Every structure is written in structure tokens, then in C-alpha cells.
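Work through the exercises below with the sequence and the structure in view. Each task is followed by its solution.

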Amino acid sequence: MAIYQHILVPVDLSDDSDNLIARAFDIAEKMDSTISLLHVVEQPATYGGAWGTWDTTGLEAQILEQSNNKLAEIAAKHGIASERCHLEHGLPKIHIHEFADNHGVDLVVIGSHGRQGVQLLLGSTANAVLHGANCDVLAVRV
């Protein structure tokens, strides 16, 4: 079994995040690992049409602030230091891969909703992370 030194838990800020973090702690306690949390606020589609493009800057700032507050709340609940909490803005699969590669992550613990059929073919964040990561990935059914 590999020794994991740095575990990344990408969270969607839902109640399912607690299950993922608990699973990561189970592994981290056995291997004396560090855990980092990452939440990626998905970049919204551009709003516009015949009347022009709408400025969503204020809305995005509000979403980022609320997400940061919720991430801090989850981290405090689990005793994870604030410097181990990271908030990004963009496409989750891209930022998860980049974070893992740039921060020496050797295990990603990610939630999977177990979708099948057409939904699986269309892809999911967990599927994209699983097939593009340069480290081990543990997909936890939530």
C-alpha cells in the first residue's frame, strides 16, 4: 500500500462533503498525512442575447464570498487549518488536476454520485479527475 503524504479533498460544499472528509481522515490518521480542501466555483455561462451581455461581476463576487465562508465553516468543523483551504474559480476538473500537480498531492478523495448510462457518457467531475490525475484517486459514493 502506498504511503500518502498529501490528500486533496475537492468539496462541493454540500452535506456530502462531511463524508468525503471523514474518509480522507480515516486514511490520513493511518499514514500521518496532510489534508487540503479545494472548492471550485464553476464559472457561469455568459449571459446575453439580442439585448447585449449582462455584467455578472457583482453576482460572482457574492458567490465567491459565500463559498469561501462555507468552506471555512466546513474546515473549522473538521479541524482543518485555514491555510489548507483553497477556493478557485473556473472548471473543477481543470483546477483539481492543477492543484494536485502543483501541491504534491498523492491522493485525491472525490465524491461520485454513481451516475450511469447517458449521464456517465456526458462525463462528470469525478470521472474527469479519475482519468486525468497524475496521482491516485479514491472515488467515494455519496
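Helices here are DSSP runs of H or I with at least four residues, numbered from the N terminus. The model is a predicted one.

**Exercise 1.** Find how K70 and E73 are placed in helix 2, and state how their side chains meet.

Solution.
- Step 1: K70 and E73 both lie in helix 2 and are three residues apart, so about one helical turn separates them.
- Step 2: A salt bridge needs a side-chain nitrogen of Lys or Arg within 4 Å of a carboxyl oxygen of Asp or Glu.
- Step 3: For K70 and E73 the N to O value is 3.4 Å, and the two side chains form a salt bridge.
- Step 4: K70 has 28% relative accessibility and therefore counts as partly exposed.

**Exercise 2.** Which residue forms a salt bridge with K77?

Solution.
- Step 1: The partner of K77 is D18, with 2.7 Å between the closest N and O atoms.
- Step 2: K77 belongs to helix 2 (residues 57-78) and D18 to helix 1 (residues 16-31); the pair links distant parts of the chain, 59 residues apart.
- Step 3: K77 counts as exposed because its relative accessibility is 57%.
- Step 4: By the rule used above, the count of salt bridges is two.

**Exercise 3.** Describe how helix 3 and helix 5 pack.

Solution.
- Step 1: The axes of helix 3 (residues 92-102) and helix 5 (residues 125-132) are 9 Å apart, at an angle of about 35 degrees.
- Step 2: The crossing of helix 3 with helix 5 is right-handed.
- Step 3: On helix 3 the contact involves P92, K93, I96 and H97; on helix 5 it involves T125, A128, V129 and G132.
- Step 4: Of these contact residues, four are nonpolar, three polar and one charged.

How values were computed:
Residues are numbered from 1 along each chain as its sequence is written. This is a predicted model: local features need pLDDT of at least 70, side-chain atom pairs count only at pLDDT 80 or more; totals for chains, interfaces and linings use all residues. Side-chain values use heavy atoms; hydrogens and water are left out. Axes are lines fitted to C-alpha atoms, for helices over the stretch in contact, and angles run from 0 to 180 degrees between N-to-C directions. Helices (H or I, at least four residues) and strands (E, at least two) are DSSP runs, numbered from the N terminus. A crossing is left-handed if the near helix is turned anticlockwise from the far one by less than a right angle, and right-handed if clockwise. Contact means heavy atoms within 4.5 Å. Ala, Val, Leu, Ile, Met, Phe, Trp, Tyr, Cys and Pro count as nonpolar, Asp, Glu, Lys and Arg as charged, and the others, Gly among them, as polar. Buried means under 20% relative accessible area, exposed over 50%, partly exposed in between (1.4 Å probe, protein chains only).
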